[in-house]
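Grab your viewer and work through these exercises at your own pace. Try each task before you read its solution.

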Amino acid sequence: MARPPAARIQRVQPPATLAAGEKARQLARQGHDVIDLGQSSPHHVTPRHIIDAGIRALNEGLTNISSSRGLPELRRAMAGKLTVHNDRKVDPDGDILVTPGSKMGLYDAINAYIERGDEVLVIEPTWVSFSQQVEMAEGIPVAVPLSEEEEYYIDYEQLKEYVTPQTRMIVINNPNNPTGPVEEDLLVLCDETYEYFLYDSNQHLTIANLDGMAERTLTSYTFTKAYSMSGWRLGCIVAQSALLEPLLKIQEQTASFVSPFVQMAGVAALQGPQDHLVQWREDCNELRIRCADRLYQVPGVHCPLPEGATFLFPRFSADMTSAELAELLVEREGVVVTPGAGFGESGEGHFRIALMRSPADRVLEGVERIARVLESL
C-alpha cells in the first residue's frame with residue numbers, strides 16, 4: 001500500500017534546474033544534438049592540481065571518519081581566502097562549517113532557525129531551492145519581487161514593506177546588489193556563489209562586512225562555480241561561532257562530515273593557482289555581451305546585460321508560459337534552458353541561459369537556435 005509522505009514534503013516542487021539538466025541528459029543518451037544551457041554547473045573539468053590533491057589524499061588514506069566541522073587545513077585555507085579576497089577576518093576554529101555542497105549548508109541554515117509559521121523574505125528572481133527549503137522547514141516563503149526595469153536592485157525601503165512580526169530571515173544572492181536590512185532584527189542568509197564573476201567596474205561586496213551585519217549574517221560559499229567541483233560536493237557556511245552551533249548540530253545528525261580527501265582537494269583549490277578564474281570570467285564576459293546582443297535583435301525580446309554571475313535572463317513576449325517555451329526550444333532546436341517560473345512567480349515570461357554550462361561555441365550556437373525559434377513565433 002502506498003504511504004503518503006509528510007505534508008511539508010508534498011508542498012515541495014522539484015528544482016527547475018535539475019529537471020532541465022535531466023532533460024538534456026535523456027536527449028543526449030538518445031542521440032540527439034543537444035545544447036545544454038540549463039544547469040549552472042560549468043562544463044569545465046576540475047583543474048588538474050585540484051584533482052591531483054584529491055588523489056594524493058586518497059593514496060594517503062584520508063578515507064575515514066572526519067570532524068563534523070571540517071578539517072582544520074580546509075578551515076584555515078578558507079579563513080585565508082576570506083582575509084585576502086573578502087577583507088573579512090574569521091576564526092577558522094569556530095566561524096567556518098564545511099558542508100557537503102553549498103545546498104546542504106543553506107538547508108542547514110534555514111532549518112536551524114526557521115520554525116513552523118516563520119516568514120522568510122526571498123528576493124525574486126531567486127535560486128530555485130530557497131523557497132522549497134523554507135517550505136521543508138514548515139516556514140512561509142514571502143516573495144519580494146525585483147523590477148527588471150530597475151535592473152533588479154533592491155533597497156531597504158522596499159524590503160520594509162514585506163516585514164511582519166513573523167519575519168525572521170531574509171535570503172539573498174550576492175551578486176544581486178542588495179543592501180542589508182540593518183534596522184530590522186532579521187537573520188540574513190547570503191549566498192555568495194558567484195563572488196568571482198563580476199564584470200566591468202563592479203566589485204564584490206561581502207554583506208557580513210557591512211556595519212551591524214556580522215552578528216546576524218550566515219554566508220554560503222561553494223567550490224562548484226569557481227573551481228568546477230560540482231561533483232565533489234564541497235561548500236561551507238561562514239558566520240560567528242554562536243550562529244553556527246545550531247547548524248553543526250544538524251550536520252552531526254545528518255551528513256556527519258565531508259569526505260576528508262574531498263576537503264584536501266578544496267585546500268588545493270584555495271591555495272593553488274587561480275589563473276583559470278581570470279580566463280573563465282573573461283570567457284563568460286564575452287559570452288554575456290555577444291549573446292545579449294543577438295537576443296536584442298529578436299523582436300519582443302528584452303535581454304538586460306547582467307553585472308555579475310554567469311547567466312542571461314531574457315524576457316519574451318510570445319503568448320506562452322516559460323515552461324511551454326522551454327519545451328518548444330527542446331523540441332524544435334534541441335536547446336535546453338530553464339523556465340523563468342522556476343525562479344519564482346516574477347520570473348514568468350523569462351527564461352534562463354547558463355553561459356558556462358557548455359563550451360563557448362556551443363553556447364553561441366544555442367543562442368542562435370533560440371533566436372530562430374523566437375523569431376518564428
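Before we start, pockets and cavities come from a 1 Å grid over the protein atoms alone: a cavity is a set of points where a 1.4 Å probe fits but cannot get out, a pocket is an open set with protein on both sides within 12 Å along at least five of seven lines, and lining residues have an atom within 4 Å of a point. This is a predicted model, where local features need pLDDT of at least 70 and side-chain atom pairs count only at pLDDT 80 or more, while totals for chains, interfaces and linings use all residues. Residues are numbered from 1 along each chain as its sequence is written, and side-chain values use heavy atoms, with hydrogens and water left out.

**Exercise 1. Find the residues that lie nearest the centre of the second largest pocket, and say what lines it.**

Step 1: go to E124, S131, Q132, G344 and E345, which lie nearest the centre, out of 21 lining residues.

Step 2: look for the elements that give two or more residues to this lining. They are strand 3 (119-124), helix 6 (130-136) and strand 4 (140-145). Helices (H or I, at least four residues) and strands (E, at least two) are DSSP runs, numbered from the N terminus.

Step 3: sort the lining by chemistry. You get 11 nonpolar, 6 polar and 4 charged residues. Here Ala, Val, Leu, Ile, Met, Phe, Trp, Tyr, Cys and Pro count as nonpolar, Asp, Glu, Lys and Arg as charged, and the others, Gly among them, as polar.

Step 4: add the volume, about 320 Å³. A volume is the space filled by probe spheres set on the grid points, which are joined across faces, edges and corners.

Step 5: check the backbone while you're here. E124 and P125 are joined by a cis peptide bond, with omega about 0°, and P125 sits in the loop between strand 3 and helix 6.

**Exercise 2. How many cavities of 30 Å³ or more does the whole structure have?**

Step 1: recall the idea behind the search. Rolling a probe the size of a water molecule over the atoms shows where empty space is left.

Step 2: count them up. The search turns up 2 cavities.

Step 3: take the largest, with about 60 Å³ of space. Its lining is M78, K81, E195, Y196, Y221, T222, F223, Y227 and L270, which splits into 6 nonpolar, 1 polar and 2 charged. Helix 4 (72-86) and strand 7 each supply at least two of these residues.

Step 4: do the second largest, at about 30 Å³. E192, T193, E195, Y196, Y221, T222 and A226 line it, or 3 nonpolar, 2 polar and 2 charged.

**Exercise 3. T222 is in the lining of the largest cavity; is T222 buried or exposed?**

Step 1: place T222 in strand 7 (residues 217-222).

Step 2: apply the cut-offs: buried means under 20% relative accessible area, exposed over 50%, partly exposed in between (1.4 Å probe, protein chains only). T222 has 12% relative accessibility, so it counts as buried.

Step 3: list its contacts (heavy atoms within 4.5 Å). Not counting residues up to four places away in sequence, T222 touches S102, T193, L234 and G235.

Step 4: follow the side chain. A polar atom of it lies 3.1 Å from the backbone nitrogen of T224.

**Exercise 4. Where is L234, and which residues does L234 touch?**

Step 1: find L234 in the loop between helix 8 (224-227) and strand 8 (235-238).

Step 2: read its accessibility. At 0%, L234 is buried.

Step 3: trace its contacts beyond four places in sequence. They include L74, V98, T222, F223, M229 and V258. The C-alpha atoms of L234 and L74 are 11 Å apart, although 160 residues separate the two along the chain.

Step 4: look at R233, which lies in the loop between helix 8 and strand 8. R233 isn't a glycine, yet its phi is positive, near 55°. With a relative accessible area of 37%, R233 is partly exposed.

**Exercise 5. Which residues have the most contacts inside the largest nonpolar core?**

Step 1: set the rule: a nonpolar core is a set of buried Ala, Val, Leu, Ile, Met, Phe, Trp, Tyr and Cys residues joined through side-chain atoms within 4.5 Å.

Step 2: pick out Y227, V337, I353 and I370, which have the most contacts inside this core of 60 residues. Helix 11 (residues 275-296) gives the most to this core, with 7 residues.

Step 3: look for another core apart from it. That one has 22 residues, among them V134, A137, M169 and L243.

Note on methods:
Polar contact = N/O pair within 3.5 Å; in protein donor to acceptor, adjacent residues only side chain to side chain.
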